[in-house]
Amino acid sequence: MPVVREKFLVRMLYPVIDRLFSARLASKIKMCGCILSGDWMIPFPIYCACQPAYLRENTSTAIVQKRFPGLSEETALELVAYFEKLRHLLPLIENREFSAKIFLKSEYLFGPEELIVMRTDEQKALRVGRQYGIDPLHVETASLVYHHGLTFLPEKVLEYIKRRDIIDAGAYDGASCLIFQQYTPSCVYSFEPSEANRKLFLQTLNWNRVDREKYRLIGKGLADAEGMIQFDDTGDAVNDLSKKGEQLAEITTVDLFATANKLQIGVIKADVEGM
């Protein structure tokens, strides 16, 4: 909890509670007070696809810099700090005792400023999602608020993108393809091997009346070589081609596809769950 609130509780209220009630009852009252005075619901953006083993093995600056050699030391330290926060959730993740919201103290993982930004982003994503006809359960700030990082780019880079094609790897419900329409008059090539997700994609693009000439939905996955793959089609945002299942999908590479279709690529966005 914030320092001011903590000092008030400990120095002013706790002594009074200790005098008025038995030790056992006083402890229960203090616990209730802590819950009522703080926010114990972790905001939705905390959730990620990180597996416990990954969190344990990738939380040092040296490992982060080795895996992402182009990062500055400051950025690497920020990544490590983020992983360290996620590590607090490891017991919950491993026991599968978590859902869209967790009964865990927010300030244990985030500062007040971070919580404000996260809640503001979530509210904005919900507003944009309603405008685009996207299910509130499927809205993501990464695509609907930050446009997969394009909102941070300088005008010079955005000008470069304008006349080029975009690769949308992991199209899911079409939100990314919809957002990318704002950045280029050329075509967005959306790859989605899941049949269930392709139906969602078309619903979103049709609902928003996007010109069919502005996008192509390709029922393939992207990898480092051509071939076929068997996967479990869960029909959601975390569809993972690395998980074996009954569904067959063709895979290709960005290079082969771009060459065959004579593309001039300006952006490659990949949200491919481990591929």
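1. Of the 275 residues in the protein chain, buried ones make up 35%. Here buried means under 20% relative accessible area, exposed means over 50%, and partly exposed is in between, with a 1.4 Å probe and protein chains only. Please keep in mind that this is a predicted model, where local features need pLDDT of at least 70, side-chain atom pairs count only at pLDDT 80 or more, and totals for chains, interfaces and linings use all residues. Residues are numbered from 1 along each chain as its sequence is written, and side-chain values use heavy atoms, with hydrogens and water left out.

2. Now for the overall make-up. The protein chain has twelve helices and seven strands; helices (H or I, at least four residues) and strands (E, at least two) are DSSP runs, numbered from the N terminus. About 16,600 Å² of the protein chain is exposed, and carbon and sulfur atoms supply 57% of that area. Such areas come from the Shrake-Rupley method with a 1.4 Å probe, and for residues only the protein chains shown count as cover. Taking contacts between residues at least 6 apart in sequence, 62% join residues at least 24 apart, where contact means heavy atoms within 4.5 Å.

3. A good place to start looking is the open sheet of four strands, which has the order S3-S2-S1-S7 and parallel pairing. Two strands pair if DSSP finds at least two bridges between them. Strand S3 (215-218) and strand S7 (265-270) are the edge strands, each pairing on one side only. On average, neighbouring strands of this sheet are turned by 15° against each other, direction ignored. For such angles, axes are lines fitted to C-alpha atoms (for helices over the stretch in contact), and the angles run from 0 to 180 degrees between N-to-C directions.

4. Within that sheet, four bridges pair strand S1 (residues 165-169) with S2 in the parallel sense. You can find Ile-167 opposite Tyr-189 in S2. Helix H11 (residues 195-207) packs on the sheet and touches S2 and S3, its direction making about 165° with that of S3.

5. Which residues does Thr-204 contact, leaving aside its neighbours within four places in sequence? They are Tyr-132, Ile-134, Asp-173, Gly-174 and Leu-178. Thr-204 lies in helix H11 and counts as buried, at 7% relative accessibility.

6. Another open sheet has three strands in the order S4-S6-S5, with mixed pairing. S4 and S5 stand at its edges with a single partner strand each, so one side of each has no neighbour in the sheet. Neighbouring strands here are turned by 45° against each other on average, direction ignored.

7. The mixed pairing is easy to follow strand by strand. Strand S4 (residues 220-222) pairs with strand S6 (residues 247-252) in the parallel sense over three bridges. Lys-220 stands opposite Glu-250 in S6, and Leu-222 has Thr-252 in S6 as its bridge partner. Strand S5 (residues 227-231) runs antiparallel to S6, joined by five bridges; Gln-230 stands opposite Leu-248 in S6.

8. Turning to the rings, the whole structure holds four aromatic pairs. Rings of Phe, Tyr and Trp (its six-membered ring) pair if their centres lie within 6.5 Å; planes under 30 degrees apart count as stacked, over 60 as edge-to-face and the rest as tilted. Tyr-146 and Phe-152 form a stacked pair, because their ring centres are 5.3 Å apart and their planes are at 15°. Tyr-146 is partly exposed at 26% relative accessibility, whereas Phe-152 is exposed at 61%.

9. Why is the pair of Tyr-189 and Phe-257 edge-to-face? It is because the planes of these rings are at 70°, with the centres 5.6 Å apart. Tyr-189 lies in strand S2 (residues 188-191) and Phe-257 in helix H12 (residues 254-260), so this pair ties together parts 68 residues apart in sequence. Both Tyr-189 and Phe-257 are buried, and ring pairs link them with Phe-191 into a cluster.

10. Last, some individual residues to look up. The charged end of Lys-30 sits over the ring of Tyr-14, 5.0 Å from its centre; this calls for NZ of Lys or CZ of Arg within 6 Å of the ring centre and within 35 degrees of the ring normal. His-148, which is not a glycine, has a positive phi of about 55°. His-148 is in the loop between helix H8 (141-144) and helix H9 (155-162), and is partly exposed with a relative accessible area of 28%. Arg-209 has a positive phi near 55°; this residue is in the loop between H11 and S3 and is exposed, with a relative accessible area of 77%.
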